[in-house]
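Me: Could you take me through the interior of this protein, a few questions at a time?

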Amino acid sequence: MIMTLDIDTVQAFLLVAELQGFTRAAEALGTTQAAISMKLQRLETVLGKRLVERSPRAVRLTADGAAFLHHARALIEVHDRALSGERPARQQLTLGISDHAAGPELVPLLERLHAMASQLALAVNIGFSREMLDAYDAGELDAVIVRQEGSRRGGEKLTEDEFGWFATKRFVWPRGDALPLATLAPPCGVRALAVRALDKAGIAWTESFVGGGVTAVVAAALAGLAVAPLVRRIAPPGLIDIGPTHKLPRLGASKVMLHSKVGDPAKLAALRTLAATFRSVAAAA
């Protein structure tokens with residue numbers, strides 16, 4: 001009897017390997033954890049090898065699974081090229097991401113999107129949540145990952161972030177001086193949140209540094225120039241939350257939402273992978 005590999009089954013294996021879990025893989029494919037487990041069992045039966053080690057906390061590839069990973073990626077890539085035929089141009093997935101939402105997830109997001117949807121060209125814009133939503137509403141973007149804006153409804157929750165007041169350990173705030181802030185320029189929602197909290201608490205502040213992106217704001221905080229209101233998930237090593245020590249007001253939490261309006265199967269599958277990846281990486285942060 002000739003044994004053959006099923007593309008859907010190989011795709012499920014790749015998602016389990018990339019997302020390191022059956023739950024996230026099932027979410028990305030819009031199916032159940034049990035269905036993913038059955039696909040993996042069938043694949044292991046066809047190959048005659050154990051590909052993953054399952055435990056309550058994690059899923060790890062065996063040596064055979066790691067060796068098969070390269071072949072699985074190559075197979076899916078060839079399969080996608082065969083399906084695309086001689087089309088003059090690849091489809092493009094246009095994605096907008098809020099600067100304060102991107103964080104460390106951006107690299108694995110792009111890696112896994114490319115691995116799982118190599119037939120798509122990616123266009124990624126980083127900016128303010130409000131600007132990304134305006135572009136999305138105008139039909140300029142297929143999907144956006146943004147902080148929840150006011151009373152706007154709809155979208156899919158990816159994670160919920162807590163904010164803090166981040167500075168270096170050597171940061172000194174002389175008694176009586178206004179609190180030096182490092183922020184993005186208006187209309188940054190995080191800046192507005194921080195300013196409202198300080199004004200309500202009666203704490204004087206001054207904008208010591210205005211950055212064109214979160215990377216610049218983080219650099220200013222690391223350089224000791226000012227305090228930066230940041231999401232804990234985004235704050236890099238070298239910065240600590242000085243809020244409790246200096247009795248600064250709590251900044252609360254904010255939801256990160258995915259808004260999309262795609263119907264194309266390839267784009268839809270890519271967005272499911274994106275959502276599952278974001279949740280996986282954010283949970284591990």
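The questions below turn to the packing of this protein.

Reply: This is a predicted model, in which local features need pLDDT of at least 70 and side-chain atom pairs count only at pLDDT 80 or more, while totals for chains, interfaces and linings use all residues. Residues are numbered from 1 along each chain as its sequence is written, and side-chain values use heavy atoms, with hydrogens and water left out.

Me: What percentage of the residues in the protein is buried?

Reply: Buried means under 20% relative accessible area, with a 1.4 Å probe and protein chains only. Of the 285 residues in the protein, the buried share is 47%.

Me: Which element gives the most to the largest nonpolar core?

Reply: A nonpolar core is a set of buried Ala, Val, Leu, Ile, Met, Phe, Trp, Tyr and Cys residues joined through side-chain atoms within 4.5 Å, and the largest one has 33 residues. At least two residues each come from β6, β7, α8, α9 and β9, where helices (H or I, at least four residues) and strands (E, at least two) are DSSP runs numbered from the N terminus. With five residues, the element that gives the most to this core is α9.

Me: Which residues is Leu198 in contact with, leaving aside its neighbours within four places in sequence?

Reply: Leu198 is among the residues with the most contacts inside the largest core, and contact means heavy atoms within 4.5 Å. Leaving aside neighbours within four places in sequence, the partners of Leu198 are Trp165, Leu179, Leu181, Ile203, Trp205, Leu248 and Pro249.

Me: How many residues does the second, separate core have?

Reply: This core includes Ala17, Leu40, Leu69 and Ala276. Its total is 23 residues.

Conventions
Buried < 20%, exposed > 50% of the residue type's maximum accessible area, 1.4 Å probe, protein only.
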